[in-house]
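Work through the exercises below with the sequence and the structure side by side, and try each task before reading its solution.

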Amino acid sequence: GSEMCIRDSDDVVRGVMKKLTLYSTGRQANVLDLKTIGDIMSEQSKKGYPMCDLLKGLGRSHIFLESR
């Protein structure tokens with residue numbers, strides 16, 4: 001299989017998570033959101049940041065649940 005090697009994968013994942021926050025809530029990520037994103041990333045980093053798990057973490061977080 002072909003895998004993309006990204007030197008700054010943490011920054012890429014953080015950027016994607018911030019954009020998902022913007023798209024799902026209609027607002028920029030605030031300080032608490034950034035902490036939550038960091039927590040989700042920490043949980044998923046050992047597994048290589050699987051997108052499905054990142055999305056589940058975001059969907060179960062206060063970021064998404066409080067935006068409804």
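**Exercise 1.** Find which residues of α3 are buried, and explain why they lie on the same side of α3.

*Solution.* In this predicted model, a residue counts as buried when its relative accessible area is under 20%, and by that cut-off the buried residues of α3 are L54, G57 and L58. Around the axis these residues cover an arc of only 100°, and therefore they sit on the same side of α3. The general background is that an α-helix has 3.6 residues a turn, so residues three or four places apart point the same way. As a last step, look at what this side meets: the buried residues of α3 pack against α1, α2 and α4 (62–65).

**Exercise 2.** Determine which residues make up the largest nonpolar core, and which helix gives the most to this core.

*Solution.* Begin with the members, which are V13, M17, I37, I40, M41, Y49, L54, L58 and I63, 9 residues in all. Next, assign them to helices: α1 (9–25), α2 (31–45) and α3 (51–59) each supply at least two residues of this core. Of the helices, α2 gives the most, with 3 residues. Finally, take one member, Y49, and set aside its neighbours within four places in sequence; Y49 is then in contact with S9, D10, V13, M41, Q44 and L54.

**Exercise 3.** State how many helices and strands the protein has, and what share of its residues is buried.

*Solution.* The protein has 4 helices and 0 strands, so that its elements, read from the N terminus on, follow the order α-α-α-α. Of its 68 residues, 24% count as buried.

Conventions:
Residues are numbered from 1 along each chain as its sequence is written. This is a predicted model: local features need pLDDT of at least 70, side-chain atom pairs count only at pLDDT 80 or more; totals for chains, interfaces and linings use all residues. Side-chain values use heavy atoms; hydrogens and water are left out. A nonpolar core is a set of buried Ala, Val, Leu, Ile, Met, Phe, Trp, Tyr and Cys residues joined through side-chain atoms within 4.5 Å. Buried means under 20% relative accessible area, exposed over 50%, partly exposed in between (1.4 Å probe, protein chains only). Contact means heavy atoms within 4.5 Å. The arc is that of the directions from the helix axis to the C-beta atoms.
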